[in-house]
Amino acid sequence: MKAAILYQPHAPIAVKDVEIEDPQPDELLLDIVGAGVCHSDYHYVTGHRTPRRMPWVMGHEGAGIVRSVGAGVRTIAPGDKIILSLDAMCGSCRNCTNGRPALCETYPFEAMSRMTQDGEPVYHVRPTFVEQTIVLADACVKVPDDTPLEQACLISCAVITGIGAVVNRAKVETGASMAVFGCGGVGLNVIQGGALASAGRIIAVDTVPYKLELAEQMGATHFINSAQEDPVQRIKEITGGGADYAFEVVGFPAIVRQAIDSVRKTGTAVVVGVQPTGQDVSVEGWHLLEDRTLMGAFHGAARPRIDFLWILNLYKQGKIKLDELISRYRPLDEINEAFEDMSQGKVARTVLVFD
Ligand SMILES: [Zn+2]
Ligand SMILES: [Zn+2]
């Protein structure tokens, strides 16, 4: 089967034939149907984040159909449709039992190898830029048979990360104002989450006019092109002193600083973007002292087995948008072109599809 492999940062991804093992106990083998091309993958190409081990098999957002299961897998069977959770959930650690399974403490997010290329191991956690993948059953959410996986694959990462940051983590109140720095795949879902939460004002901030247009489709009410004007100043003007919430969805410490600087006294800045490996975030101490909160939101504080089904229902009811998030579909072979589109700001999301 084919897999998209990163051999070193700053080099094109290679799509290669690889051998995949049979699933071990508590694992299953999945045929990938749809895989969203997320900026977090591109971070490995640009060197913003360092892969755990190379050669690295790419992708983390995806959905598929179970081909076979290892010993001990009882709740999932061959033929079932699955949306992958970013996180494996043991169900028994403190965070899992406390309703915070996205930060399960049992499963380390460590590189493993169940695939070889020309006899040499290649490494991965739960790759999706592959025709088939091996994953822990504990990282899978079984979904109804009528789920359209080529669209629903986005729920795996972008949709829950954005909506969950608003609804699960920040718990934005009805009527609150919120600013969203970065209107890519996740940022658009923060906006969509704000609309679900009945936020009063949703201020979209980006440097790409096309993304600000998408932001309007997803429910943003105000728009700031931060290449042309100071977003902090504009947010203060629009909100009369500062937003109640600001979400950083780009992944740079300087933008975290802008987010906290743009919330009012008592406001909350939420770090959603994947920050560069090893870098600090700095804020003005006095700003925190004025009852401001700086919080992180990992994977939308998701409870995937509840939230994914909730989001699927909202989609069926027309209350959230998935199709509008997908700018184009491409085959796996076009992964480099998909990253190129992303880096140029031409797409919200590309979905890789498999025959
Ligand atoms: Zn992602
Ligand atoms: Zn756990």
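These legends go through a handful of close-ups of one predicted model.

Local features here need pLDDT of at least 70 and side-chain atom pairs count only at pLDDT 80 or more, while totals for chains, interfaces and linings use all residues. Residues are numbered from 1 along each chain as its sequence is written, and chains are lettered from A and ligands numbered from 1 in the order in which they are written.

**View 1. Helix 1 crosses helix 11.**
Helix 1 (residues 39-46) and helix 11 (residues 335-343) have axes that come within 11 Å and cross at roughly 100°. Helices (H or I, at least four residues) and strands (E, at least two) are DSSP runs, numbered from the N terminus. Axes are lines fitted to C-alpha atoms, for helices over the stretch in contact, and angles run from 0 to 180 degrees between N-to-C directions. That crossing makes helix 1 roughly perpendicular to helix 11; angles under 35 degrees count as roughly parallel, over 145 as roughly antiparallel, 65 to 115 as roughly perpendicular and the rest as oblique. Look for His 39, Tyr 42 and Val 45 on helix 1, and Phe 339, Met 342 and Ser 343 on helix 11, which make the contact (C-beta atoms, placed from the backbone, within 7 Å). By class, that's four nonpolar, two polar and no charged. Ala, Val, Leu, Ile, Met, Phe, Trp, Tyr, Cys and Pro count as nonpolar, Asp, Glu, Lys and Arg as charged, and the others, Gly among them, as polar.

**View 2. Helix 4 meets helix 10.**
Here the axes of helix 4 (residues 158-170) and helix 10 are 11 Å apart, at an angle of about 95°. So helix 4 is roughly perpendicular to helix 10. Val 159, Ile 160, Ile 163 and Gly 164 come from helix 4, and they meet Asp 307, Phe 308 and Ile 311 of helix 10. The tally for this contact is five nonpolar, one polar and one charged.

**View 3. An open six-stranded sheet and two helices on it.**
Read the strands in the order 14-13-12-15-16-17, with parallel pairing (two strands pair if DSSP finds at least two bridges between them). Strand 14 (222-225) and strand 17 stand at the edges with a single partner strand each, so one side of each is left without a neighbour in the sheet. From one strand to the next, the twist averages 20°. Strand 13 (residues 201-206) pairs with strand 14 over four bridges, and Ile 203 has His 222 as its bridge partner. Helix 4 packs on the sheet, touching strand 15 (243-248), strand 16 (263-271) and strand 17, and its direction makes about 125° with that of strand 16. Helix 6 (residues 209-218) touches strand 13 and strand 14, its direction making about 170° with that of strand 14.

**View 4. Strand 10 beside strand 4.**
These two pair in the antiparallel sense over five bridges, strand 4 spanning residues 27-36. Asp 31 stands opposite Gln 132 in strand 10. Four of the five residues of strand 10 (residues 132-136) are buried. A residue is buried if 20 or more other C-beta atoms, placed from the backbone, lie within 10 Å of its own, exposed if 12 or fewer, and partly exposed in between.

**View 5. Backbone oddities in three loops.**
Most residues other than glycine have a negative phi, and most peptide bonds are trans. The bond from Met 54 to Pro 55 is cis, with omega near 0°; Pro 55 lies in the loop between helix 1 and strand 5 (56-57). Asp 118, between strand 8 (112-117) and strand 9 (120-124), has phi near 50° and counts as exposed, with 9 C-beta neighbours inside 10 Å. Ala 301, in the loop between strand 17 (293-296) and helix 10 (304-316), has phi near 40° but counts as buried, with 23 such neighbours.
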